[in-house]
Every structure is written in C-alpha cells, then in structure tokens.
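Please open the structure in your viewer and keep the selection panel handy. We will walk through it one selection at a time.

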Amino acid sequence: MTDTMSDTMTDTTLSRRAFLNATGALVVTLAAPAEWAQASVSGVAARPPLKGDQLSSYITIEADGTVVAYYGKIDGGQGLGTAIAQMVAEEIDVAYERVRVIMGDSALTLDMGGASAAIGVSHGGTMLRRTAAETRRLLIEMASAKLGVPVTALTVTDGVVHGSADPTKRVSYAELIGGRYLDSTVKWNGRLSNGLAVEVPAALKKPADFKIIGLSLPRQDLPGKVFGTLEMVNDVRLPGMLHARMVRPTVAGAVPVKVDEASIKHIAGARVVWIKDLLAVVAEKEWNAVKAARALKVTWSDSKPNFPGHEKLFEHIRKAPIVKREFQRQNGNFEEGIKQAVRIVEGEYEFPTQSHASMGPACAIADVRGDAATIWTSTQKPYDSAYCVAELIGLPREKVRAVWMFGTGSYGRNEQGDATADAAILSKHLGRPVRVQYMRHEGLAWDPKGTASINRSRAGFDANGKVIAYENISKAFSRLDNNTREARAADVLAGQLTGLPLNRGESFEIPVASYTFEHGRLGWETIPPLMERASPLRTTHLRDPYGPPILFGSESFIDEMAAATNADPVDFRMQYLKHPRDRDAVRIAAENYGWEKRPSPRNDRKDADVAIGRGIAFRRHFTTFIALIAEVRVHRRTGKLDLLRYVCAHDVGMIVNPDTLRHVIDRQLVYGTSRAMIEEVRFDENMVTSVDWESYPVMHMDGLPERIDIVLIRRPEEPPSGAAEMALGLVPAAIGNAVFDATGVRLRRVPFTPERVKAALERA
Amino acid sequence: MAQITLLVDGASRTVDIDDADAPLLYVLRDELTLNNPRFGCGLGQCGACTVQIDGRAVRSCVTAVSSVVGRKITTLAGIGTPDKPHPVQTAWIAEQVNQCGYCISGWVLTAVELLERHPKPTDAQINDAFKGLICRCGTHSAAVKAVRRAAQQA
C-alpha cells in the first residue's frame with residue numbers, strides 16, 4: 001500500500017470518560033494514550049454509524065462472544081473469507097471458529113473497494129488485523145478495570161481475559177462487551193475503497209507469536225458449495241420478483257427502432273421493457289422470459305461497425321493512430337544509450353482480445369422502491385455498483401444498498417456490474433423486484449473485454465554483450481475504455497444505452513522494472529476504441545489486467561536477449577536482477593526444476609519431430625516475486641504442445657494459509673494456461689462471433705499441465721502481498737520460451753493453438 | 001397448464017407447467033426453488049446444470065421436463081449432507097477442490113456416476129468422464145485428485 005494518512009483525518013480530542021457496563025453500572029474511567037486520542041471506551045447498545053474512524057465499523061462482538069469482522073471486500077472464490085477470519089482470530093485472540101466474516105454489504109461494511117488488484121489480504125486483511133488488535137487492547141483495558149489486575153498482568157485465551165498468574169480472575173469478551181459496541185475511534189485517513197487506511201495504538205502480533213496465521217485451515221465456504229447449501233446471488237427470490245432477459249442486437253451498435261409486442265403475446269406474462277436503446281423482456285416465470293427474448297421481433301437500426309475482425313486485428317492496431325503515449329518509467333537516457341549500442345535486437349509480440357468468460361453469465365437482482373433500492377450482486381465491486389445504480393436511477397448514493405453474494409467467479413471487471421444496473425433500471429421502471437440473468441452469449445460476446453495489444457521491445461548491447469539500452473512499449477486499446485471501477489452509470493451498458501455521457505480513460509501499463517539496465521524506458525500507447533458506445537468489444541480489466549499481454553512480450557524478449565548473447569536464460573536474468581527477493585525467486589525455481597545451465601535453444605533436437613524444451617519467466621508485482629518454469633514437449637508435425645511440468649517459486653511475504661495459497665496458485669496457472677493456449681475472442685466486421693463454449697473454447701481436461709510444482713518461499717517477517725492473479729501472467733512467456741528452447745522458433749502470438757504453432761514452426 | 005409429478009432428491013414434488021418442453025433446469029430452479037443445478041450455458045456445453053437422472057449425470061438445461069416424469073432426479077444436495085456426506089463430497093472437501101464453486105454440480109455428480117460404474121477408475125477413465133466439463137477457476141486437476149481419493153477410500 002502506498003496510501004498515506006491524509007490531512008482529512010478526523011480530529012479527535014483527548015477525553016477521559018466514564019463508561020457503563022451492560023447492566024448500566026458505572027464501572028471506571030479510562031485514560032487514553034495521549035498521542036492516540038481515543039474518544040471513549042464504552043459499550044453502547046446500538047452500533048455507531050458506519051464510518052472509517054469507528055472501530056465498530058470493522059470489528060464487533062456478539063452476545064455469545066462471536067467476533068464479527070466487517071470486510072468491505074469480497075471473496076471471489078479464492079478463500080479470502082477464511083484468510084480474513086484467521087487474521088482477525090489471531091490478532092483478537094479467539095479461536096478461529098469464533099470469527100464470522102461479513103463481506104461486501106454496504107449497509108454493514110465499509111467501502112474497502114470490493115475485489116481489485118489482489119490486495120484482499122495486503123490491504124483489507126491488514127486493516128482488519130489492526131482493528132482486531134485494537135479491539136483486543138481495549139477489551140484488556142476494560143478487563144483490567146473490572147478485575148483490578150494491571151493490563152501487563154493479563155493474558156487472553158480464546159476470548160477470555162484472565163490473570164497471567166491467577167487464572168481464576170477472568171472475564172470473557174462476551175461478558176465485557178458482547179452484544180454491545182465499543183464506541184471508540186481509530187485514526188482513519190478519510191478515504192474509502194482501496195485507499196482506506198487506519199492506524200491504531202495497538203501493536204500487531206509478531207510472526208513468532210502467531211498461532212493461527214500460517215495454519216492451513218480448510219476453507220469456510222467450501223462445505224456450503226460441496227453440499228449445495230450455499231445460496232448464491234442466482235438463488236435470491238423475492239416476493240413479486242420478475243425474471244428479465246435482455247435483448248441484444250446481432251450487429252454491434254444497432255438500436256431498436258420498432259418492437260413488435262404482439263410477437264410475444266402467446267407467452268404467459270411476457271412483456272417488453274424498452275427504455276431509450278435498452279430493450280428487455282420480463283415474465284413471471286424464468287423460462288417464459290427466455291422464450292420471450294427469443295421470440296421477440298425487433299427491427300434494429302442500420303449499423304456498420306466495420307470492425308477489422310480478429311484475424312486482422314493486429315494489422316489494425318499497428319496502423320491505428322495513437323491517442324496517448326506515456327513512458328511510465330525511464331532511467332538514464334534510452335535514445336542516447338541505443339545510439340551507443342554496437343548491436344540492436346528487436347522483438348514484437350501479439351496478445352489477443354480475451355473474454356472474462358465466467359462460468360456463469362452474470363446474474364443480479366434489484367428491488368427499487370420509491371426513494372430506496374437494494375441490489376443483490378456478485379460483482380467484484382459491490383460499492384461501485386451501488387454508486388453506479390444510484391446515478392442511473394436518480395437516487396442519492398446512501399439510498400442504494402448493495403448486498404454482495406457468492407456467485408460465479410468473475411476474474412476481473414466482467415459483466416456483473418452491467419447486469420446489476422440492468423436489474424435496477426428495470427425494477428425502477430416496473431415497480432417490482434427484477435432478476436436479470438444473462439444468457440451465455442452475453443457472458444462472452446457482451447462482457448467488457450481484456451484488451452488486445454502488441455508489445456514491442458528493443459535492446460542495445462555494447463561490445464561486451466552487455467545490455468546498455470532497453471525499451472518496452474505496448475500498443476493497445478485502453479484498459480479503461482470501459483472503466484474498471486463501474487462506479488458511474490456510463491460505465492455499464494444500461495448507462496451507455498440510455499445515452500449518458502461516456503466515462504472513458506486512456507491507460508495501459510508497463511512491466512515492473514526489476515531488471516537494472518543502464519538506459520531504459522517502459523511505456524504504452526493507446527488507440528481509439530473500435531466502437532465508442534455500448535460496444536461488445538469495450539475494453540477493461542481482465543484478471544491480471546496487463547500481466548499476460550505485457551509479460552508475454554517482455555519476458556519472451558528477455559529470453560531473446562539472452563539467446564542473442566548466447567547466455568543461459570536464468571544466468572542472463574540473474575545478471576540484471578539485483579533485488580535479493582527477485583533473485584531468490586529465479587534461483588529457487590531453477591533449483592527446484594533442476595535447471596541445466598546452457599543457452600537456448602538446445603540444438604540437439606532441432607530437426608526432430610518431437611522436442612522437449614524448458615523456459616522461464618519472472619515478474620515482481622507489488623511485493624510478490626514469482627518465477628515460473630515450463631517444460632514443454634513440441635510436436636513439430638502437428639504443432640501440438642504438451643505441458644509436461646510447471647515449477648513456480650512464489651514469494652508473497654507473510655503467508656496466512658499455505659495450502660489455500662498453493663491452491664490459489666495452482667488453479668490460476670491452469671486458468672493462465674487456458675488463456676495462453678486457447679482463448680481468443682473472435683469477431684467479424686459486425687459483431688463478436690464468440691458466443692458459446694465452441695466459438696470461445698477454453699481449457700477442458702485435454703491440454704492441462706501434467707504436473708505443477710509450487711514452491712512457497714517463506715518470509716513471515718515481510719508484509720503480506722497479493723497472490724490472486726500474479727502467477728498467471730507468466731504462463732505465456734514461460735511456454736513460449738520453452739518452445740524456443742526446444743525448437744529455436746519463437747512464438748509471437750497468443751494463443752498457442754496447434755495451427756498457429758505449426759505455422760510458426762513452418763515459417764522458421 | 002398441466003400438473004406433473006417429479007421425484008427429486010427422494011421426494012415427490014408436484015408442479016404446474018405450461019410448457020412440456022421447458023428445460024428441467026428452469027422447473028427445478030424456478031418452480032421447486034432448488035439452487036444447485038446452475039445456469040451456465042443453456043446449450044449442454046459446460047455441465048453447471050447437471051443433475052442425475054436414474055443415476056446418470058445429465059444436463060438439465062437441455063432436458064425437457066416431460067422426459068423425466070417418473071424418473072429419479074438427484075441434485076447435488078441429494079447425494080449427501082454434512083452429517084451423511086457422499087464419499088465424493090468428503091474427498092472434494094479434503095482436496096479443497098473448488099474456488100467459486102459455480103460448476104460443482106457437473107464435476108461432483110459426474111464423479112459419483114463414474115465411481116458407481118468404475119469403483120477404481122483409471123486416469124483415462126477419469127479424464128474421459130470429465131472431458132465435457134468446464135471449470136473457469138482451473139480446478140480440473142484438483143477434481144481428478146479428489147476422485148482418486150474417493151476411490152481409494154471406498
């Protein structure tokens with residue numbers, strides 16, 4: 001976290017105040033530490049209003065001693081809820097089973113940004129650790145007063161404060177505060193979302209004292225999923241609820257000009273909702289809504305999107321005008337450096353448009369009643385979605401309650417926010433609760449897309465083969481063409497179809513500059529969107545928003561540089577990596593793989609029909625350090641690649657739950673493999689043609705990595721970083737580098753389908 | 001409007017339907033408020049809507065409700081409970097297979113059918129059973145491990 005305390009921090013005043021215990025008896029006065037300015041420590045019957053400086057906005061204790069943690073993020077299925085419970089249990093000193101985590105309900109939990117950037121543990125977890133520790137500190141002070149034992153002579157065991165020497169002197173958290181609320185403030189930076197930060201006087205536990213952090217506890221959410229008892233957002237059923245299906249054009253940009261309502265009059269209860277360019281059908285029964293959406297006769301406006309088509313997309317990107325260019329990081333003087341080079345190597349890499357392609361297309365429920373609304377959603381950003389809905393239907397933000405629920409995994413800014421807004425606008429229009437369930441084509445053809453890009457690199461070497469100048473530039477659609485935050489009405493299809501001014505941004509990203517080259521610059525160029533409004537190809541964040549495209553280029557090119565100087569790819573990286581954690585990740589991956597030092601390509605199998613090679617890719621993301629080695633068997637005649645083995649060395653700092661972390665890495669490497677090997681959104685001049693799992697193939701059983709070895713690097717003293725998406729970005733480059741090692745041929749375009757690999761091998 | 005009786009998870013359930021061709025998925029979810037078969041594609045391509053009909057895993061999104069009257073329908077919740085878990089469910093938890101869990105009906109019910117036919121399945125048999133299933137979270141290999149575990153403990 002780079003957020004610092006801002007000057008908008010609430011100014012609290014030092015106070016000494018009496019507090020009442022649960023029976024109303026005056027108990028004691030407490031002195032707050034002068035520098036921390038506690039408002040008061042007193043149980044109050046009602047939970048103080050939800051606010052960043054209120055301790056009870058983060059942690060409360062119920063009458064039975066259950067500790068409730070209010071987590072303003074969400075768990076997209078990677079076990080964050082369990083990790084948060086572990087961290088809170090650790091700091092507040094109760095058994096793990098006593099902690100209940102409430103996630104993403106805007107009436108109960110602060111806006112901590114939902115899920116983004118894989119900072120669920122590093123940001124959200126840290127804030128809850130601090131407030132749990134502070135709650136413990138205050139409860140010990142209360143116990144001290146009640147028991148007449150100094151704080152220093154007290155210990156906590158599973159929610160019971162007792163004398164360290166005399167355990168008969170004891171009082172439980174439940175007895176001290178259970179069912180009431182600490183009316184105490186914390187030092188808050190005045191910000192919400194990912195910028196929210198609090199500080200507290202209580203110190204966090206030292207790693208040596210951890211009893212719960214670091215345990216591989218099983219996931220809390222899995223029994224409900226395995227036994228089928230967990231309610232997901234899809235399962236919300238409200239009295240009077242209507243089922244809706246959206247009606248989308250078959251040519252992008254076309255809008256309805258005539259709707260034949262009679263065409264669905266034979267379907268029970270079916271009716272049309274047409275608001276500006278937004279078209280939907282609703283029915284009392286879900287199947288009737290599906291049938292009505294299929295049967296409805298619509299005359300659409302003429303639209304000529306003139307999309308380049310996915311086959312010619314890279315030609316289009318190459319020729320497209322640059323809207324914005326930014327060198328986000330520069331050191332030395334690249335232009336001067338490259339002039340001094342005696343040899344220049346260049347490389348170019350293409351990454352396709354990809355879809356979030358969630359397992360279930362989006363589903364959301366909205367209940368808009370007069371001056372207030374509730375939305376049930378599984379979007380990663382429930383707070384932003386509530387703000388968006390408020391603007392869309394004309395309510396103040398505080399009048400829209402977002403209730404996040406488990407649902408399909410979303411892997412970034414997928415179409416969940418769009419469905420939520422659709423449900424809200426329809427519910428407002430109809431005056432009844434509305435459930436919107438997108439169909440499969442909407443989860444593929446209409447979700448906001450991960451942008452295609454061309455990544456080009458240039459390196460200049462001196463006479464000794466040392467890199468003196470290095471440049472990496474991505475040319476792409478903006479990753480903020482469709483804002484990833486979905487907080488504005490124009491960030492969703494409903495807002496765009498009802499004519500609201502667009503909310504575009506221009507941005508792409510760069511790889512982290514782990515390598516120390518004398519003169520370097522890392523930058524990006526964005527190009528205009530293919531269609532401005534309500535485009536099925538609008539671009540935004542897809543899981544690890546710029547990792548796979550940029551790292552495919554930059555980490556393949558590092559290998560090209562190594563090959564150009566006849567250096568071993570691991571040695572070459574080590575030559576330019578200086579940070580010890582960067583170096584350890586690469587070294588540990590190589591050792592665990594059994595890396596044999598030699599330059600790539602291996603020349604002994606160059607002309608064989610089948611050749612096996614190994615490739616490495618490395619990244620630092622925040623303070624997560626990852627190296628991935630792939631071993632690949634190449635079938636030269638068919639272009640088929642067998643993924644024999646991955647070795648992933650992973651340093652995330654402090655590890656909360658090792659087994660869950662291993663699973664998070666393992667599953668995302670499979671997901672990353674799907675994107676590297678198979679996934680590409682297809683489209684023609686009119687529309688996205690990837691509409692189902694046949695036209696947007698993804699990983700099935702065939703083609704799985706045969707073996708994945710994950711090596712967790714233990715650094716309990718380092719702050720926790722993120723793990724939810726960082727490893728997957730290395731997959732394309734690791735595979736590409738392995739293919740080069742095996743064959744001497746570079747793969748320059750993802751996905752690595754057999755046809756494309758075969759063509760690349762034949763061209764060489 | 002016709003009344004039909006479905007045998008679901010051991011109970012006899014009567015529902016009114018106005019379309020005999022309605023996919024079973026919508027009847028189970030909408031009329032009987034059963035949550036586990038989930039809408040994934042509506043095309044029989046992914047497996048999220050899987051239920052068992054007379055012990056065979058089928059895609060309820062492309063199965064007409066009229067075709068299953070009088071047959072034994074089993075959803076994920078019908079194969080076991082936390083108190084009396086099916087060995088496949090026990091193995092699934094032991095291996096901590098899932099992430100989001102949206103696809104789970106397809107994988108677990110397919111595994112249950114596989115183990116009934118082949119109590120000690122080979123890797124090829126497991127791969128073959130799972131070949132039509134999708135999991136976007138990438139839990140494929142974990143599911144295979146869970147099947148091996150369930151087979152060992154059976």
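The tour goes from chain A to the contact between the chains, and then into chain B.

Before you click, note that this is a predicted model, in which local features need pLDDT of at least 70 and side-chain atom pairs count only at pLDDT 80 or more, while totals for chains, interfaces and linings use all residues. Residues are numbered from 1 along each chain as its sequence is written, and chains are lettered from A and ligands numbered from 1 in the order in which they are written.

**Stop 1: chain A.** Select chain A and show it as a cartoon: you will find 17 helices and 32 strands (DSSP runs numbered from the N terminus, helices being H or I of at least four residues and strands E of at least two). Its C-alpha trace spans about 85 × 75 × 50 Å along the principal axes. The radius of gyration is 28 Å, which agrees with the value near 27 Å for a compact globule of 764 residues (taken over C-alpha atoms; the rule is 2.2 Å times the number of residues to the power 0.38). Of the 764 residues, 57% are buried, that is, with 20 or more other C-beta atoms within 10 Å of their own, the C-beta atoms being placed from the backbone.

**Stop 2: where the chains meet.** Now select the contact: 43 residues come from chain A and 45 from chain B (two residues are in contact if their C-beta atoms, placed from the backbone, lie within 7 Å). On the chain B side, α3(B) gives the most, with three residues. By class, that side has 20 nonpolar, 19 polar and six charged residues (Ala, Val, Leu, Ile, Met, Phe, Trp, Tyr, Cys and Pro count as nonpolar, Asp, Glu, Lys and Arg as charged, and the others, Gly among them, as polar).

**Stop 3: two domains of chain B.** Colour residues 2–78 as domain 1 and 80–153 as domain 2; these bounds come from an automatic or database domain assignment. Their centres, taken over C-alpha atoms, are 21 Å apart. Where they touch, 13 residues of domain 1 of chain B meet 13 residues of domain 2 of chain B. On the domain 1 side, look for β3 (50–53) and β4 (56–59) of chain B, which each give two or more residues.

**Stop 4: a helix pair.** Finally, select α4 (residues 104–117) of chain B together with α6(B): their axes lie 11 Å apart at an angle of about 35° (lines fitted to C-alpha atoms over the stretch in contact, with angles from 0 to 180 degrees between N-to-C directions). Show the side chains of B:Trp107, B:Ala111, B:Leu114 and B:Leu115 from α4(B), and of B:Ala143, B:Val147, B:Ala150 and B:Ala151 from α6(B), which make the contact.

Note on methods:
Buried ≥ 20, exposed ≤ 12 C-beta atoms within 10 Å, placed from the backbone.
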